Amino acid sequence: MLSFFIFYFLLFLAINKILYTKLPLFLKLQRTKKDIIRRSMDNLPQELVSNILSRLPSRELLKTKCVCKSWYNLITNPYFTTNYYSFHNKIHSHNLLVIQRPLISSLKTNISLLSPTLNDPKNHVSSSLINLPKEYISDHKYWSEIIGPCNGIYVLQGNPNVMMNPSLGQFKTLPESHLIDSSNGIYSLTDYASFGFDPKTNDYKVIVLKDVWLKETDERQKGYWTSELYSLNSNSWRKLDSKALPLPIEIRSSSSQVYTYVNHCCHWWSFVNHENSLGTKQDFVLSFDMVNEVFRKIKVPRICESSNETFATLVPFEESCTIGVIVRGNVKKHFDVWMMKDYWNEGSWIKQYSIDPIELVINHRFMGVIGSNNFLWKCSDDDDGLVLHEHESQKTRGIKVNDNGKYDDSFRAVVYKESLVSLQRGN
């Protein structure tokens, strides 16, 4: 019995000796292997790494920050964030973000990402719903407008108003503004909103123009508006000086539905009524500078003076850093494309070209411009889809949006862009 015990005791000592002498070597080899891989990652040319990583979707890209220190430093660099936005979205330039609210009012708004397959004769479109946080999944919460993108950030107008980065899954409810005090005898029924980025303060701002109604008489003060500004950094609203707006003015709602943001300025198609000129109206573009927080009136040529012109809307030409106007003729059904060649010279408006009548879009709603010369329309109420006209190739194609029921007039479509910009702020 004693010899049996001594045998197993010696065997136990031998096993422990082997473990304590060989295991550190094994662990050391494992650590050495990881160090070699990490050093190899660190030694890759940064330009090559940047090019490869910029092809990843935002959420997948952020996961690679843990690979090695050099990748973390690269991805968190503001310069890379800016380059990623332009490089990645140039590759995926035709993706769309769509909001739809079913005709049954108790159903919530759907937000979908559409990825049309270009050069596909069958017009295949992949579609996926954006997953909303739990607090926004309710029959009482909805959105009827989507504004953007600005660096991949969007604003949803409705109940509640929300700023979001869908590529990162970030949503932020904007606080309500209580700057119009009904005790002063005024209230507001109509507002026009836009938003943009202030690079000086690294801040995203929302500007809202509100009409003025007299509480005592329930009459609107024609031509008069108040303006309010929201700051993401402070998460608060403030009222702008009443003298900042070049009053009196009116805003053409149907001509200001496309998000027109260039050179850190947002824009609305506006006009002034001349009471002493037989009711004539003078059109102009009202702009708001997000950096200097000032308004500007931009003169426009008389491109809508004829009764034959029934449709005109502002559009951005981002690649040229300027704005333009799309005008549709009532008789010939053609589209004229005007552009302000030099954004800072209001005398530089020219007609770029005309688009021949497009049978598919004659009676449809204009949605916006993709790139420099691709035009997007919403189909009629009987057809839940979009029409994309590519001017250079003169091709027109349909984009099917959904197959599940009818949707109300809140259907909106904008360009989708991936972004690494976070809505989270220190406060």
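M163 is a good place to start: leaving aside residues up to four places away in sequence, M163 touches I153, Y154, V155, Q170, F171, K172, L174, Y204, V206, Y230, L232 and L423. Keep in mind that this is a predicted model. From here we'll look at the core around M163, then at some salt bridges, and finally at a sheet further along the chain.

**The nonpolar core**

- The largest nonpolar core has 36 residues, and M163 and W268 are the ones that touch the most other members.
- Lots of strands chip in here: β4 (142-150), β5 (153-159), β9, β10, β11, β15 (265-274) and β16 each supply at least two residues of this core.
- The top contributor is β10, which gives five residues.

**S194 and its neighbours**

- You'll find S194 in strand β9, which covers residues 191-198.
- Is S194 buried or exposed? Its relative accessibility is 5%, so S194 counts as buried, the cut-off being under 20%.
- Not counting residues up to four places away in sequence, S194 touches I147, K205, V206, I207, Y259, C266, W268 and M290.
- Two names on that list of contacts, K205 and W268, are worth remembering: W268 is one of the two residues with the most contacts to other core members, and K205 comes up again just below.

**Salt bridges**

- How many salt bridges does a search of the whole structure find? The search turns up ten.
- One of them joins the side chains of K205 and D198, with N and O 3.0 Å apart.
- Both partners are tucked away from the surface: K205 counts as buried at 5% relative accessibility, and D198 is buried too, at 3%.
- K205 also forms a salt bridge with E293, where the closest N and O atoms are 2.8 Å apart.
- That second pair links distant parts of the chain, since K205 sits in strand β10 (residues 203-214) while E293 is in the loop between β16 (280-289) and β17 (294-299), 88 residues apart.
- Unlike buried K205, E293 counts as partly exposed, with a relative accessibility of 21%.
- Put these together and you get a network of salt bridges linking D198, K205, R238 and E293.
- E228 and K210 make a salt bridge as well, their closest N and O atoms being 3.5 Å apart.
- E228 lies in strand β11 (residues 219-231) and K210 in strand β10, so this pair ties together parts that are 18 residues apart in sequence.
- Both E228 and K210 are buried.

**A four-stranded sheet**

- Strands of a sheet pair through backbone hydrogen bonds, either parallel or antiparallel.
- Which order do the four strands of this open sheet follow? They go β22-β23-β24-β25, and the pairing is antiparallel.
- The edges belong to β22 (365-370) and β25 (395-400); each has a single partner strand, so one side of each is left without a neighbour in the sheet.
- On average, neighbouring strands of this sheet are turned by 25 degrees against each other, ignoring direction.
- β22 and β23 (residues 374-378) run antiparallel and are joined by five bridges.
- To see a bridge up close, look at R365: its bridge partner in β23 is K378.

Terms used: Residues numbered from 1 in each chain as written. Predicted model: local features only at pLDDT ≥ 70, side-chain atom pairs only at ≥ 80, totals over all residues. Heavy atoms only, no water. Pairing = 2+ DSSP bridges. Axes fitted to C-alpha atoms, helices over the stretch in contact; angles between N-to-C directions. Buried < 20%, exposed > 50% of the residue type's maximum accessible area, 1.4 Å probe, protein only. Contact = heavy atoms within 4.5 Å. Salt bridge = Lys/Arg side-chain N within 4 Å of Asp/Glu carboxyl O. Core = buried A, V, L, I, M, F, W, Y, C linked by side-chain atoms within 4.5 Å.
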